[in-house]
Amino acid sequence: MRRISTFIALLLIGIVSVFAQQRAIEGKVLDERSKPIEHANIFIKGTTEGTSSDTEGHFSLVTNQRGDIVLCVLMLGYSEFTITVSEKQSAPLLIKMRPDNVTLDDVVVVAGNFKLKGESQWGGMSAVDIATTAGSSGDLYRSLQTLPGAQMVGESGKLYVRGGESRESQTYIDEMHVLSPYTTTGSNEPVRGRYSPFMFEGINFSTGGYSSEYAQGLSSVLPLTTKDSSPISKMGINPSFVGLAGGGTKAFSKSSVSMNLDYENLGPYNSVFPDNLDWIKPYQIFSGESQIRFNTDENTVYKTYVGYDRTSFAYHTNPLLENSLRDLNLKENNLYINSTFHRKTESGYKFFAGGAFSFKKQQISDAKVSGDSFRDKEWELHLKTKATKRFTNFLRLNVGVENFFRHYQMAYADSSSVHKSSINHSISALFATATLNITVNLSAELSSRAEYTSINSSWNYAPRLALSYNLNGVHFSGTVGKYSQLPENKYLLLNQGLSPENCIHYIGGIYHEKKNKVYRLEAYYKKYTDLALQNSDVLNSEGYGYSKGVDLFFNDRALFKNFEYMLAYSFNLSKRKYQEYTELAVPQFSTKHNATFSLKYNIPSLKTIWGITNRYASGRPYYDPAKEGLMNSTTKCFNSLDMSLTYLASKKVIIYASASNLLGRKNVYNYTFTKDTSGPGGYRGTPVSASSDHFFYVGIFITLSGKTAYDVSNF
Amino acid sequence: MMFLIFNIYAIKSIKMKTIKCYFYAILFLIPFTVSAQDLSCVVGDIRKANTENEYVQVRNQLERLCIVNPKEWLAHYYLAYTDVQLSFRVASKEEKMKYINDAQTNLKKLSDMSEADMSEVYTLKGFRLYALIASDPQSNGPKYFGEITLSYEKALGVNPNNPRAIMLSALFKNDMAKFMNKSYENFNQDMEKAATLFAGESTTALTPSWGKEWLDRALINN
């Protein structure tokens, strides 16, 4: 009985002591803008004793622990906060959380940048969105041409950005350069991208002010990212008006292999919808691509992509400037291999290493005159490695080196002569980027690139500064950066001492996104120097020029359900003295006004998505030899009303149809002139226009495997 | 800790024969001194939770449990589950993605835990993908359709009698069929099987037993 009493007494003493020695730790949790954080997890480190903050950020934690304790605060999206609280602490704690590394890394300086896929706040365009953009015909580059900054050069199909030539825009796949991203077509036939948008997980389109990591592009870069893993085995085929494609993916536990084969032949299409070319052999392209991905653990990814395509066609041509009929015959082989390795270590380093090999061989007979032969061969080996780490909340560093080894050779033979020429050269570069999160609202990106070009034994230094300020959800950004690029091969063949061409970008912009509406305004000025200039018989680097303008963008997904529309407008003034332009003149590809209106309407009850796009561009300048000066005339404006329809016929079948230039407008891009005494001023002009006013496409995407539905990607 | 030390001194002053008795007394006190938030309490709270605030409270408790005991698969499992539930309850897409991404982090950890019930892990993976699709059906539907189906198939491959996998798989297949203006032919059969299996599950054990409310709701709606 005595023992029991002692036990009860001790028990009571113990219980009383528990309550007698309790203490309360109180405080308030705030975010980086001093706004209260609700639901923060506040606890004593090493224990499960904790509480949560209320709507005002207040918390009160009652504990029995004595002495100094380490208090820990966790909240998703914020770095862990710890503080040692002494027993004497009586005043409420004020805890200010900072965004975590993931959140900080998402605060990108966005001047000139369009993120089209991924979890971007600036847009949520998926491969399906690209395919359903009317006028794109499923082509990535045509879809990008609906965005502000891109200029409408209808006969080319390539990207022309902010007064820059197409060669000034560079494409990267998994951070590795693609030498030849476009297919080859006949004269004035718009090209297409070689790569299906369905291959890519991420699409970034930068119209200027991009990181110094990207080389040899004066105007824009298009970094594309393939999937790190493809966990689903699938198969699909895609018969269409123009060919047949098919492929699939075999997924394993830690790897996957994808393959796609595509054959296109425009012969049957041209027999139904004839164009103005006299075909001997129809346009044909065969392409095959494959990708292998290994995920040895969740932080390591190896990827290897191989793509090959072969293009061939022949047609009779009898241009006004020539007297004889010729049979232009083209064959082209293109190969691209890309192998990359990514690893994220536990200490926070991200390592990247990659190699890419691009090869293109082209053979054209009757290229300029009957009986001639033109052959060219070009390859590039790109090697790159880099490391990235966020050291503190303030600083993130990205440092890397890369090398490009390039070869180009050409041979031209006609009845009287043979001309051969080739160049071998390399580009070596060191680049570094420091991202500084100066305050919660202000971030800066300082980057620089030191580059050595062997062909002219010159060093080039390209610094860049980008600032971004967030004022209550309105993002202001400004970028100043220098970019350089070697002149075109045809000029380097003639003069290997030409300097790299340079361009300085000055960009200021405002961005705002609210309730599914995106507003964007950017103004820019680009100053070109050291451009290749052919003045009489002298080829030097004394060319120069400028390009300035304003881009506007508005995207609304909130007007009503399942409806989306987009307005894009670009104003550009561009002049150059370069290449054959011996005086400062507006380049022939340049247009002052470009505007696109695009809408999509998804009707679930009909299982259809309708898309309508209208593209407008003001007239293009051209040279009329009967008038004074260069680029002394202007074509009429360009307009194309395009439409697309996507219909989900069954769980595994999608029918896609598109039509371009529904109104049948005769768009003229340029004029060529021949001497004709009966014409005004002794010349006769012939309009340059597309070989066909319209393009119709109907394709069926059939998913053959059991686990996937309406999945048009075989990768 | 002072009261524990006090108790130890007190024990020393008493005959050794009675140590056992006092040891039990200390054990009795431990729940008061360490924490009341053990896993069984939290699991009980999860089963009762319905609102965003209720789920946040249990989520924070689970987060603390995961830190203290990082190898406890059930703590990570329920944390991922609570994240998914929260993603349905918060309004902004940014908030939804934070929870969905955190669920993914915990599911990755579960994949490396040998004692984890992989049928339940695969089911939860599928449920997380369902939340991802729900956050943006137009973009994520085509993207994750295959993966969600595969997750449920894997779950049923490990345990064909997992009622959550049977029910969620049937619900998803039925939703897809509805999208094509059809219905999933085995829907009722699968739901009946799931209902039978749910009825046989212990609602007091720590192991997963959630999902019956989804089944009840689905049966009412159909």
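These are my notes on two groups of strands in chain A of a predicted model.

**Entry 1: the four-stranded sheet**

I looked up the strand order of an open sheet in chain A and found 3-2-5-6, with antiparallel pairing. The edges are strand 3 (50-52) and strand 6 (81-85) of chain A, each of which pairs on one side only. I noted an average twist of 20° from one strand to the next.

Next I checked how strand 2 (residues 41-44) of chain A meets strand 3 of chain A: the two are antiparallel and share three bridges. Within strand 3 of chain A, Thr51(A) is the residue opposite Ile42(A). I then asked which helix of chain B packs on this sheet. It is helix 4 (residues 52-68) of chain B, which touches strand 2, strand 3 and strand 5 (69-74) of chain A. The direction of helix 4 makes about 150° with that of strand 3 of chain A.

**Entry 2: strand 23 and its partners**

In a regular strand, side chains alternate between the two faces of the sheet. I looked for this in strand 23 (residues 442-453) of chain A and found alternating side chains. One face has buried residues, including Glu445(A) and Arg449(A). Residues pointing to the other face, among them Leu446(A) and Tyr452(A), are not buried.

I then followed the pairing. Strand 22 (residues 418-437) of chain A runs antiparallel to strand 23 of chain A, joined by eleven bridges. Leu430(A) stands opposite Ala450(A) there. These two strands form a hairpin with four residues between them.

Strand 24 (residues 458-471) of chain A is also antiparallel to strand 23 of chain A, over twelve bridges. Leu442(A) has Tyr469(A) as its bridge partner in strand 24 of chain A. Four residues separate the strands of this hairpin, and Ser457(A) takes a positive phi near 50°.

Methods
Residues numbered from 1 in each chain as written. Chains lettered and ligands numbered in written order. Predicted model: local features only at pLDDT ≥ 70, side-chain atom pairs only at ≥ 80, totals over all residues. Pairing = 2+ DSSP bridges. Axes fitted to C-alpha atoms, helices over the stretch in contact; angles between N-to-C directions. Contact = placed C-beta atoms within 7 Å. Buried ≥ 20, exposed ≤ 12 C-beta atoms within 10 Å, placed from the backbone.
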